[in-house]
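This report is meant for a reader who has not met this structure before. It takes up a few regions in turn and then turns to the chain as a whole.

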Amino acid sequence: MALPVAEWRGRTARLWAALDPTLREQLAAASLHEAVQLGCELLRMEEEEALVWLCRRARTDKEPAAASWYREQGNREFGQRQYREAMRLYSKAASHELPGSPEMSVCFANRSAALFHLGHFEVCLEDIARAESHGYPARLLPKVLLRKAECLLCLGRLQDAQDALGVVESKIAMDGLMTSPAHKTLLKKLSQLKVKLHEKERCPEPAQEARGDIQGKSEIWEENDSISGASSSLSLNFDPERGRHLVASQDVVPGQSLLKEEAFVSVLCPEESLPLQDGETAWDTRATNADLYCHRCLRQLLASVPCQGCSYAKYCSQDCANMAWEQYHRTECSLGALLLTLGVFCHVALRTVLLAGFAEVGRLVESSHSGDKDLQNPEARCKCLSEAPGAGTRAIPGCNNSGQYQSSYQALFHLLPHTEQHSPEHKFLCTLSVVAMCKQLQAAGLEAAVLNQESPQQCSKPKTSEKASDELSPELRTVAEAMLRHVLQLQCNAQAITVMQELGPGDGAVVNKKPVRLATAFFPVLSLLNHSCCPNTSVSFSGTAATVRASQPIPSGQEVFHCYGPHQCRMRVAERQQLLSQYFFECRCRACLEELQSGVKSVVSMRNSFCCPKCRAQMQGEEDVLCCSNEACATSASREKLSCRFGDLQQQIKKALNLLREGKADQAIKMLLKCQTDAGNFLSPEHLLMGEMEDHLAQVYATLGKWQEAARHLKKSIEIVEMHHGPSSVELGHELFKLAQILFNGFAVSEALSTIQRAEGILSVHFGTQSAQIQELQEMKACLSELPRNILQRT
């Protein structure tokens, strides 16, 4: 959630409504500095106490009882051979265990067993080492060491495996209870591993030859001298209407990389917790972003390393955990509940300040006071300076004295906060939120850490019982002002980091994925790209890094555009303009102008329309009653009734997908086919939902191994996707990728090869030749190309 929880928003709204009208006017017109001063005066003790109470619902402390419960749930899943689910539950248990406790070692040992069964041998070894370092009980150690030896055998590390077996043998020999059933089992396992080791030493497996044609060629990259992370084919321009923007300084071809930037700051987006039902435990077993991705680098987690101070932060390695601690988490650790309560935007604002360091924050805040209104409206200042002869890029806010625009805090600080354009109520909410956070920092004894003066104790906790209404120090007021600036900036400059996430268990022959918002970030250079509803670029992410590629030819002198979300293929111009109002500009892109000036009805609207139940012509009209566009038919229908029917259809499709998840594929097919028949009576044949149903049917048939039937339905889905999104769209690329998998598994060689080639051509433009999907396509192509010629000729 970007904004604070609903209860805090409600309290601030009531407080705003109760303010004297003169005070409301004063706050609405206040500068950032003045707003913080007023916020300090207006934040009452009742609001601070209410915030502390709200924070109690967000449980981010260590809870041994929760750890024990998660471990038991993991054992249950492990016993049912649900190793992936068991692994995730053991990770949840480890995040709740107290540092140094013997139970922590048990969590790692148990998780290593799940990892072993899933074939993740390297990570299994890491967890075994963690279990040993945390004092795993000596009486249980031989079993874990045997697992270690077996991992080493599977990895071909024969000498290490022999050494590990020697250690196990000596430990068993030292134990006096050699006749117990447990020891007999261990001895049997030891004997089996010795035989396996001897066989591997006698007949080593041949080394696999590396395929040289699998790896794509590395991209040619010449970095811009003036814009960090940008290609030399771009230049930074400014004009009063478009502000700062990037222009192609030479002709650009589709797929060409234009920008590579590491986020200055990013914060993982937590998923909203569902209210507990009667009889439910307070501990959630769902997999959320917090369980699946590293809280620092956003890499996908397999076996997470928990923070030693809180149960929320999890990392991909101890190195990542240590770096996060040094950079910001030593301050954030004890404030997890507060950060979850006040929302991602406040969290990003705090982390931005922590990463920049108080010296740089103080310098730029002070400079904003000296420039006063100029820095409140950087583009106005830019206009004045750009009119001065010889000013060049040095006049553009964010550039240094040499005219270079870097991915730095200075560039981030100069992004527009639109202080005077936000609604007064929103500005008040943001002001009270950052002031409340700074007061909590002060009450928790974390001021020195925020000011980079000293490190707090690793597991320090906020002193919530103390009175938190003391006056903020001048330094923390500076921090609050910078944070308020960043919270307001985020409405127009926040970048969602997205990832393609697998749907379902992820072990099927055909992988179904959907884009998921993973984190919210500041990218100072990426923020230079203006919006267009018909953009000429595509943005992809790898961890916290963004890459911008040209999605179509961009001639020299043309502006480079990015889509902020509303795309011409997804919604009508009125819907796009409404969504874009949050950015405080009216979109005048080619798509919007053509649609507004021509008066022609949006193609999106026509394709996603209702159709006449009698003659199948399009239903039209702006009122509640829709009429058939076929004059000879004259059928009418209620928009409300058709919308209810559409909602019911969506619910039926969800039920069908639940049946698939429960393994009831035949029932899922029957329900989806019935949904198709019902939809055909009132939806356009080109409606996106018609394509989604074809996609779902393809998914069900693929799970049954009926590849030909799956391919037939997916081809119909592809026709509709191409109609909506275009022949070079990323949406079409993903559908072709799935079709390639189905044809590959169905042994339709020639058709699979042509589909792979088409999918490669599209996806390489959007994600580059080194992306995981491109690599998988190339592996499929290499495998098919190695088949005997007579088989290739028959298919």
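According to the UniProt record, an unreviewed entry, residues 294-333 carry the annotation "domain: MYND-type". In the model, which is predicted, this span is 38% helix and 10% strand. The C-alpha atoms at the two ends of residues 294-333 are 15 Å apart.

A sheet further along the chain can be described strand by strand. The sheet is open and has 3 strands in the order β13-β14-β15, with antiparallel pairing. Strands β13 (619-620) and β15 (636-638) are at the edges and each has a single partner strand, so one side of each lacks a neighbour in the sheet. In general, the strands of a sheet are paired through backbone hydrogen bonds, and the pairing is either parallel or antiparallel.

Between β13 and β14 the antiparallel pairing runs over 2 bridges. These two strands form a hairpin, with 4 residues between them. Gly621, in the turn of this hairpin, has a positive phi of about 135°. On the other side, β14 (residues 625-628) pairs with β15 in the antiparallel sense over 3 bridges. Bridge partners in the sheet include the following.

| Residue | Bridge partner | Strand of the partner |
|---|---|---|
| Met619 | Cys628 | β14 |
| Val625 | Ser638 | β15 |
| Cys627 | Ser636 | β15 |

Which residues of β14 point to the buried face? Side chains alternate along this strand: Leu626 and Cys628 point to one face and are buried. Val625 and Cys627 point to the other face and are not buried. Helix α26 (residues 639-661) lies across β14 and β15, and runs at about 65° to β15.

Two helices in the lower-numbered part of the chain make another contact. Helix α1 (residues 6-18) and helix α4 (residues 45-55) have axes that come within 10 Å and cross at roughly 170°. Angles over 145 degrees count as roughly antiparallel, and α1 and α4 are therefore roughly antiparallel to each other. On the α1 side, the contact is made by Glu7, Trp8, Arg11 and Leu15. On the α4 side, Glu46, Glu47, Ala50, Leu51 and Leu54 take part. By class, this contact of α1 with α4 has 5 nonpolar and 4 charged residues, and no polar ones.

A single residue, Thr478, can be followed in the same way. Thr478 is in helix α22 (residues 474-493). Is Thr478 buried or exposed? Its relative accessibility is 19%, and the limit for buried is under 20%, so Thr478 counts as buried. Apart from neighbours within four places in sequence, Thr478 is in contact with Phe358, Gly362 and Val365. Gly362 is 116 residues from Thr478 along the chain, yet their C-alpha atoms are separated by 6.6 Å.

Some totals describe the whole chain. The chain has 795 residues, of which 50% count as buried. It contains 33 helices and 15 strands. Among contacts with a separation of 6 or more, 66% are between residues 24 or more positions apart.

Key. Residues numbered from 1 in each chain as written. Predicted model: local features only at pLDDT ≥ 70, side-chain atom pairs only at ≥ 80, totals over all residues. Heavy atoms only, no water. Axes fitted to C-alpha atoms, helices over the stretch in contact; angles between N-to-C directions. Parallel < 35°, antiparallel > 145°, perpendicular 65-115°, else oblique. Contact = heavy atoms within 4.5 Å. Nonpolar A, V, L, I, M, F, W, Y, C, P; charged D, E, K, R; others polar. Pairing = 2+ DSSP bridges. Buried < 20%, exposed > 50% of the residue type's maximum accessible area, 1.4 Å probe, protein only. UniProt positions renumbered as here; feature names shortened; annotations may be inferred.
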